[in-house]
Structure formats: structure tokens, C-alpha cells
Protein chains: 2
Amino acid sequence: MSEYDVLCIGNAIVDIIAQADDAFLTENGIIKAAMNLIDADRANLLYERMGPAVEASGGSAGNTAAGIASFGGRVAYFGKVAEDQLGDIYYHDIRAQGVAFDTKPLKGLPPTARSMIFVTPDGERSMNTYLGACVELGPEDVEPEKARGAKVTYFEGYLWDPPRAKDAIRLAAKLAHEAGREVSMTLSDSFCVGRYREEFLDLMRSGTVDIVFANSHEIKSLYETDNFEEALEALRKDCRLAAVTRSEKGSVVVRGDETVTVKPTTIDQLVDTTGAGDLYAAGFLYGYTSGRSLAECGDLGSLAAGLVIQQIGPRPRQNLREEAEKAGLL
Amino acid sequence: MSEYDVLCIGNAIVDIIAQADDAFLTENGIIKAAMNLIDADRANLLYERMGPAVEASGGSAGNTAAGIASFGGRVAYFGKVAEDQLGDIYYHDIRAQGVAFDTKPLKGLPPTARSMIFVTPDGERSMNTYLGACVELGPEDVEPEKARGAKVTYFEGYLWDPPRAKDAIRLAAKLAHEAGREVSMTLSDSFCVGRYREEFLDLMRSGTVDIVFANSHEIKSLYETDNFEEALEALRKDCRLAAVTRSEKGSVVVRGDETVTVKPTTIDQLVDTTGAGDLYAAGFLYGYTSGRSLAECGDLGSLAAGLVIQQIGPRPRQNLREEAEKAGLL
């Protein structure tokens with residue numbers, strides 16, 4: 001009997017979301033659709049130039065955790081915030097969603113991480129992340145019972161940016177595997193893949209990671225090819241199970257010789273792509289840990305991703321279990 | 001030549017917005033559709049019970065200031081936040097909208113004010129406001145040049161809740177009138193009117209306030225009657241100009257013997273009524289200070305109110321000038 005369906009580990013970040021046009025991105029040297037890492041000085045500069053914003057708890061794996069909980073899954077989360085107002089907000093939101101979150105907050109500086117997200121008229125989001133307190137996440141933050149007690153331990157590739165989070169991941173993965181559990185990661189961002197390509201491949205090839213989530217840009221970056229099919233075939237060999245999202249083309253799931261093509265859900269209006277991949281992983285992992293077929297897992301992922309991109313902010317306001325029931329998926 | 005069209009003065013509050021059902025309001029003793037004043041202990045209790053939320057700068061007169069600026073008006077704002085993360089957010093958002101906001105922040109405690117807003121499925125909002133740093137707003141925060149230099153000084157009745165803000169208002173009103181300007185207030189909330197009925201009537205009858213904004217509940221509370229027409233006739237005698245909103249019935253503007261009936265704008269979907277009255281005042285005051293007819297002022301108010309209630313949060317994301325141009329109002 002497992003205590004949790006999924007343990008999610010990630011950078012605990014509060015999103016600061018505003019609208020901007022493409023010219024703003026160009027003028028400010030922001031790579032569109034990417035996660036741009038920034039330091040405190042650049043954070044202050046960009047905030048001065050940013051329009052009126054709204055705030056919402058985010059962080060890739062945090063969004064996934066919230067999504068799984070909204071489906072009714074049992075979820076725990078590890079992530080580092082500081083003891084400050086944004087940290088209070090982060091604790092509140094993820095716990096209010098039903099996620100077990102007990103990582104000790106950092107006393108003093110740096111403050112809780114924030115990501116300034118500029119949403120362009122096409123709905124694409126461009127993130128500018130100041131990691132703040134996230135740089136202090138380390139193996140001492142791994143709660144062994146949670147790592148042993150979750151069916152799947154899931155983490156974000158973004159955790160290779162702060163200095164010691166990767167040590168936390170290696171420890172959590174070891175504890176999970178010793179307990180007979182599975183380990184999963186998302187490749188997070190094509191530029192992040194570019195920074196840590198060899199390490200990510202090693203995580204997969206060494207068996208540290210069993211299940212990989214990615215989008216088409218990320219796997220092409222991972223295998224340094226422009227050919228999606230070629231990247232997919234390489235990925236198929238490098239991990240036991242992979243789910244690759246393709247924006248409006250839906251997603252494809254590969255496991256050994258098996259290939260499952262998943263249709264996207266239809267949407268009324270694309271508002272803000274923030275959280276799309278995170279919520280796809282949420283739906284998929286909820287389905288996977290509740291024993292559903294890969295096709296069903298993919299459909300749950302598409303449903304959740306389709307909902308989050310029709311609103312501003314990274315976590316759907318709807319109850320995902322109710323939405324899945326309405327759609328006939330649960 | 002005036003330096004500003006409008007000076008807005010109010011409680012500077014960050015909104016924390018979540019969905020809830022009517023049973024939640026009942027169970028927690030929250031008066032629906034009202035502004036419930038709470039202390040720090042109750043704020044903690046309610047936050048523990050609140051679902052996942054999003055944050056946005058709010059405050060009644062702050063929302064009005066942001067709205068006027070979005071129409072292209074020149075606006076200044078007085079309000080007290082603390083030197084903390086929520087205070088930084090407040091400064092950012094209102095300045096990013098183009099509002100001149102220079103009130104010195106409070107060093108140390110209490111922290112920046114927040115209002116926990118529960119939005120029920122009918123779109124109605126019920127606010128629970130912890131005033132925090134707002135209790136420190138006083139006459140020393142009145143920047144005389146701004147009070148003298150604005151065509152209209154506008155303040156919220158809510159300012160009678162903190163202890164010394166009313167002294168700031170009396171000083172600002174005196175400076176404004178000495179400079180030949182006008183002074184305006186919103187009655188804010190029917191329970192707020194209940195708390196300060198005699199003082200609000202005195203502000204109007206003594207000529208401290210020239211222009212009154214209210215909704216039908218507030219004027220009925222002010223004159224302790226269930227009869228809207230009776231309240232409206234009393235209001236007509238007590239101030240030079242009044243604009244009274246009536247939800248889906250639109251609004252009515254009275255000035256001496258003149259009565260202007262304003263239609264509501266049609267909306268697709270009511271999402272969250274937060275900010276409706278504030279944005280009506282924004283549109284009206286933008287029109288008024290740019291020399292438009294009362295009917296045009298009312299239409300601009302209806303437009304802005306109609307937009308803000310179709311989104312979550314108290315300040316419209318759209319550029320109001322562009323929206324008014326599209327609607328043929330500017």
C-alpha cells in the first residue's frame with residue numbers, strides 16, 4: 001500500500017503574470033516561449049518595465065502536484081520557499097489543493113522565487129525566473145518516507161539549475177527505487193535540455209529515471225536533431241516510458257514497441273499556455289497511478305492541459321475530477 | 001491648468017481571490033456581497049479555510065485610479081502599504097498603470113492590507129478585509145500639490161474604518177476646494193454606510209463632498225428606506241451630483257432637477273463582480289474630467305464596469321481607452 005500516488009519535486013515559484021507584445025520581448029532580450037533564468041538585478045529591472053500583473057502560485061512540478069490533487073490523486077511535494085509573504089502564498093495554495101507540502105522554509109534571504117511571465121497576444125508565455133530560495137533545496141529536504149511511499153516520484157529538469165537540488169533528486173530516486181517505485185522527470189524546457197543534455201541522458205540511460213515527459217522541442221534538443229521521429233525513436237530506447245506533447249497536434253506515448261497517439265482536446269480560445277505541459281503530466285500521472293491504459297492517461301493529460309491554456313495562470317480553477325467525469329474520462 | 005484629472009485616496013489592499021460556494025459563506029459567518037472587516041487572527045483562520053487563490057492589487061479607490069489611467073486620464077493616488085512583498089506588488093501594479101503613487105510605505109508592522117475575496121458561483125464577491133498598514137494613513141500623507149492640482153479628489157467611504165484617514169480626507173478636501181476643485185466620494189458598502197451614516201450625510205450636507213457615487217443598497221441604507229426612488233430624491237437634495245448604480249438595471253445620474261438614466265452594457269458571462277462599482281466610477285470620472293455630458297460619463301462607467309465583471313480580479317486587463325473607442329464612446 002502506497003501512501004501517495006505521486007511525489008512531485010520542483011522549484012517552488014510564485015508567478016507574476018502580465019500581458020506584453022512581441023516587441024517587448026525583443027527589446028528586453030527575452031527568449032520567447034522559454035524559461036529565461038535571471039538574477040536579482042535583472043528581476044528588478046524587468047519588474048520596473050512590466051505592466052500591471054497578477055500573482056499565482058506556480059512552479060512546474062508544483063503545478064503538476066496541484067493538478068493531480070485536483071483529479072483526486074494523493075500527492076506530496078518538496079520545494080523550497082522562504083519565510084516571507086510569497087512563501088506563505090505558496091504554502092497556502094498547494095496545501096489548500098490537498099497536496100502534502102512540508103519542506104522547511106528558508107529563514108532569511110534569498111526570498112521566495114518568482115517568475116515574471118509575459119503572455120503575448122498569441123497566448124504564448126515567456127518566463128523570467130529568479131530562483132531565490134530555490135537555490136537552497138538539498139538532500140536534507142528529502143523526506144524519506146514520502147520518497148519510499150509514492151508510486152511515482154516526479155521531478156522537473158529545471159532542478160538542475162540550482163546547485164544542490166540534483167543531489168536531492170538522486171537521493172529521492174534511490175529511496176524510491178529501493179522501495180520498488182518508479183521515477184519520472186520532465187525535460188522542462190529546450191534551453192534547459194541544452195544546458196544539461198548529457199546529465200539528462202545519463203539519468204535516463206542509467207535507469208535513474210523510468211518515465212520521461214517532454215515536448216517536441218525538448219526531445220529534438222536532447223538528441224540534437226530537427227527530425228521529430230528520429231528524436232522519438234531515440235527516446236523510446238533511452239527510457240521505459242515517455243509521453244511527448246506536440247501542442248495543437250496532441251501527444252504521443254511510447255513504451256518499448258508500443259506507440260499511442262493522443263488527440264488534443266478542442267478549446268474555445270487559447271489565452272495563456274502557462275502550465276500546459278505541467279497539467280498534461282498531472283493528468284497522465286493521475287491516470288497512470290490509478291492503473292489506466294496509456295491512451296486513457298494521455299486523454300486525461302490532454303483534458304487538463306486544454307483547460308489550463310484557456311485561462312490566465314498555471315493551475316486550472318476547475319475541479320479536474322469533475323471535468324474528467326463530464327468528459328466521460330473517469 | 002490642472003496637473004491631474006483625478007486624485008484617488010483609499011485603502012491600499014492586495015486582493016486574494018478564491019472560489020467558494022454559498023455554504024462556505026454561511027459556515028464562516030461571512031456576509032455575502034459585503035465588505036467584512038476582520039482582524040489578524042480571523043484573517044489567519046479564514047486563509048486556512050480558503051481554497052487555492054490568486055492575488056491581484058485591489059482597493060476600491062486604487063481600482064478606480066487604475067481604471068482612469070487605463071482610459072488615458074492623469075491620476076494620482078494616496079494609500080498606505082508596508083515595506084513588504086505585497087506592498088511592492090501594490091506599488092508596482094498601480095505605477096505600471098501610469099498612476100502617480102508616492103505615499104511613503106510603512107516601515108515594519110502591520111503588513112500590507114489584504115482582502116480575502118470569495119467569489120460564489122453566481123459571480124458575487126464577498127470580501128474579508130484585514131486593514132494592516134492602512135490604519136497608518138493620516139494627514140501627513142496628503143501631498144498638498146496633488147490635492148490642489150487635481151480636478152477631482154475622489155475617496156472611498158471605507159476610509160472611515162481606519163482611525164486617521166478621515167483627517168487626511170478633510171485636509172485634502174480643504175486644499176482641493178481652496179484651489180477651486182471638486183471633491184467626490186463613494187459610499188463604498190451598505191454596511192459601511194450603516195457604520196458612518198451621520199458622518200457621510202454631514203460630508204455631503206456641509207459641502208465637503210460635491211459628487212457622490214453609490215449603489216442602490218447604499219443609498220437605501222443611507223436614508224434608512226426600502227424605497228429606491230425616495231432615497232434617490234433625498235440624495236439629489238444632499239449633493240450637487242450623484243451617480244447611482246443598479247447592477248443589471250444600469251445606473252441613474254442626478255444633478256439638481258436633471259435625471260439621466262444609463263443603460264447597462266450587455267455582457268457574455270458574469271464571472272466576478274469585484275471592482276464593478278470602482279470601474280463605473282473610473283469611467284464616469286474620466287468622462288467628467290474630460291468635459292463630457294452626464295450621459296456619456298455614465299456610458300463610460302457602464303463600459304468599464306461591464307468589462308471588469310467578466311474576468312476574475314478587480315482591474316480590467318483590457319486597455320479601457322481602446323475598448324471605449326471600439327464601442328464608439330471616445
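Select chains A and B together and superpose them: chain B lies on chain A with an RMSD of 0.0 Å, after a turn of 180 degrees and a shift of 0.0 Å along the axis. The fit is by least squares on the C-alpha atoms of residues with pLDDT of at least 70 in both copies. The two copies are therefore related as by a two-fold rotation axis. Next, pick Glu55(B): in chain B, its C-alpha is nearest the axis, at 2.4 Å.

This is a predicted model, where local features need pLDDT of at least 70, side-chain atom pairs count only at pLDDT 80 or more, and totals for chains, interfaces and linings use all residues. Residues are numbered from 1 along each chain as its sequence is written, while chains are lettered from A and ligands numbered from 1 in the order in which they are written.

Now select the interface. Chain B gives 21 residues and chain A gives 21 residues. Contact means that C-beta atoms, placed from the backbone, lie within 7 Å. Of the interface residues of chain B, 100% are also interface residues in chain A, so the copies meet through the same surface.

Stay on the side of chain B that touches chain A. Color strand S4 (54-57) and helix H4 (85-96) of chain B; each supplies at least two residues. Both are DSSP runs, numbered from the N terminus (helices: H or I, at least four residues; strands: E, at least two). H4(B) gives the largest share, six residues.

Last stop: S4 (residues 54-57) of chain A. This strand pairs with S4(B) in the antiparallel sense, over three bridges. Pairing requires at least two DSSP bridges between the strands. Select Ala56(A), and find its bridge partner, Val54(B).

Technical notes. Contact = placed C-beta atoms within 7 Å.
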